[in-house]
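Here is a short tour of one protein chain, written for someone who likes to follow along in the viewer. Have the sequence and the model open side by side as you read.

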Amino acid sequence: MLGTWRRTASMSQRRRRLADEEYARNGNGHANGNGAATEHTGLLGKSRNKARSAYHTAYAFLGLNYCNVLLPIVPAALIVGMMGGNSTVIFVLNFLAIVPLASLLSDATEELAEHVGHTLGGLLNATFGNATELIISIFALKKGEIRIVQASMLGSILSNMLLVLGMCFFFGGLRYHEQTFNNTAASTMASLMAVASASLVIPAALYQTLLTPPKEPSFDSVLKLSHYTAIVLLILYIMYIYFQFYSHHDLFQCEDDSEGEHPTVLSRNQAAVVLLLATVIVSFCADNLVGAIDDIVVASGLSKTFIGLILIPIVGNAAEHVSSVVVAMENKMNLAVNIALGSGLQIALLVTPFLVILGWIMGQPMSLYFQTFETVVFFVSVLVANYLIQDGKSNYLEGAMLMGIYVIIAISFLVYPDNAVGNLNLGSP
């Protein structure tokens, strides 16, 4: 989450400033017959001025992302979730409600980051960058939906690395013959993603080894490996944050950063309040969404793996996906690539290990062991993405390749059953 639609914000802020100046020229209160403003009308004028300022602030902030047009669905989703009823209606409404809420989380985080400075802002982005997926996964983990958690984590990585990056390359390539980006920073993130893929391959290899007769497979060994591997991944992520924001900050500097500081729409306190409220509301919607998944699986015939791997990541990352494509079409490819790869890397090295450790604390058998098919899909995706970004250049054909792979993966998981061979009947460790 390294950028938002700042150009729209700047235009909205300019409209607000012009309106306020026009209002000031006309006077802050109503004058009496002698031309002097009374105390009553002066207070009324100040109240109207505050109301108008609040209106323009809200208008400018909501104009940061087109996904916010879905905000009216949010109260309907909350009401239906509290009253109960048809699971399909509950799932669909909360599914759609998360899209604008994720947008608000993203924009509020960006606004707050602008107020607290570069270093603290970077850490704030690193913490709340994928808050929506994290909240949904925590509720799913609490209810023992391990397949949903694992699938949503893998799906978020794949959607960012293949779908979002592919769309950036494709739509940017339609406007420009060839685009370039900082391949040093991109290669650093891609290399860390390769390390993350290895953290999934090793537990899968261990489990397959334990399947060798005459020994019975012991999931305790896989859990123990996953717990300690998660700790290592978290340490690597902390080192990556230090590398990105301190020791080697110049490698991740975008060319548009030199254009000056971005204008902010919200004050620091306003951004913090929006961030808190959006987080709370997302938690309610996530609870409703996860609670309806079992009935949706029965009613639609879709597998939990497909819902977690394809549907939930698209909803949680919708606002971010749109933003990355927009900046790619503006030829800001450093920023677009950072959004796509950085978000996926955050899921792989921060969110997934955190959920493994959280499952350890909660007594849930959350591990880094994924089914063989899923592990192979992840490894191949990382390999292809690494190959396409290594030259620091992109075009629409490379984007079409990445999107094509994602579509193939989506179709494969549409026909992939939850009870496929290799799926563990997870119990308490």
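## Salt bridges

The count of salt bridges comes to five. Please keep in mind that this is a predicted model. As background, side chains of opposite charge can pair when their charged atoms come close.

Let's begin with K143 and D287, whose side chains meet in a salt bridge at 3.0 Å, N to O. This pair links distant parts of the chain: K143 sits in the loop between α6 (131-142) and α7, while D287 belongs to helix α10 (residues 268-291), 144 residues apart. K143 has a relative accessible area of 44%, so it is partly exposed. D287 also counts as partly exposed, at 29% relative accessibility.

## A buried pair and a network

Next, look at R147 and E374, which form a salt bridge with their closest N and O atoms 2.4 Å apart. Here too distant parts of the chain are linked, with R147 in helix α7, E374 in helix α15, and their positions 227 residues apart. Are these two partners buried or exposed? Both R147 and E374 are buried.

K304 and D294 make another salt bridge, and their closest N and O atoms are 3.0 Å apart. K304 is in helix α12 and D294 in helix α11 (residues 293-300), 10 residues apart. D294 is partly exposed, with a relative accessible area of 37%. If you add E145 to your selection, you will see that E145, D294 and K304 are linked in a network of salt bridges.

## Helix α15

Helix α15 covers residues 372-389. At 1.5 Å a residue, its 18 residues should span 26 Å, and the end C-alpha atoms are indeed 26 Å apart, so expectation and model agree. Which residues of α15 are buried? They are E374, T375, V377, F378, S381, V382, A385, L388 and I389. Seen down the helix axis, the buried residues of α15 fall within an arc of 165 degrees, so they line one face of the helix. The general background is simple: an α-helix has 3.6 residues a turn, so residues three or four places apart point the same way.

On the other side of α15, you will find L383 and Y387 exposed. The cover over the buried residues of α15 includes α7 (146-175), α8 (183-210), α12 (304-316), α14 (333-362), β2 (393-394) and α16 (396-414). E374 is thus a buried residue of α15 that also takes part in the salt bridge with R147.

## Helix α12 and a serine in α7

Helix α12 is largely enclosed by the rest of the structure, because 10 of its 13 residues are buried. These are T305, F306, I307, G308, L309, I310, I312, P313, V315 and G316.

P313 brings us to S156, which lies in helix α7. With a relative accessibility of 1%, S156 counts as buried. Apart from its neighbours within four places in sequence, S156 is in contact with E133, P313, N317 and I347.

## The protein as a whole

Now zoom out. The protein holds 16 helices and two strands, and 49% of its 429 residues count as buried. Among contacts between residues at least 6 apart in sequence, 83% join residues at least 24 apart.

As for the surface, the protein exposes about 19,500 Å², and carbon and sulfur atoms supply 64% of that area.

Terms used
Residues are numbered from 1 along each chain as its sequence is written. This is a predicted model: local features need pLDDT of at least 70, side-chain atom pairs count only at pLDDT 80 or more; totals for chains, interfaces and linings use all residues. Side-chain values use heavy atoms; hydrogens and water are left out. Helices (H or I, at least four residues) and strands (E, at least two) are DSSP runs, numbered from the N terminus. The expected span of a helix is 1.5 Å times one less than its number of residues. Buried means under 20% relative accessible area, exposed over 50%, partly exposed in between (1.4 Å probe, protein chains only). The arc is that of the directions from the helix axis to the C-beta atoms. Contact means heavy atoms within 4.5 Å. A salt bridge is a side-chain nitrogen of Lys or Arg within 4 Å of a carboxyl oxygen of Asp or Glu. Accessible areas come from the Shrake-Rupley method with a 1.4 Å probe; for residues, only the protein chains shown count as cover.
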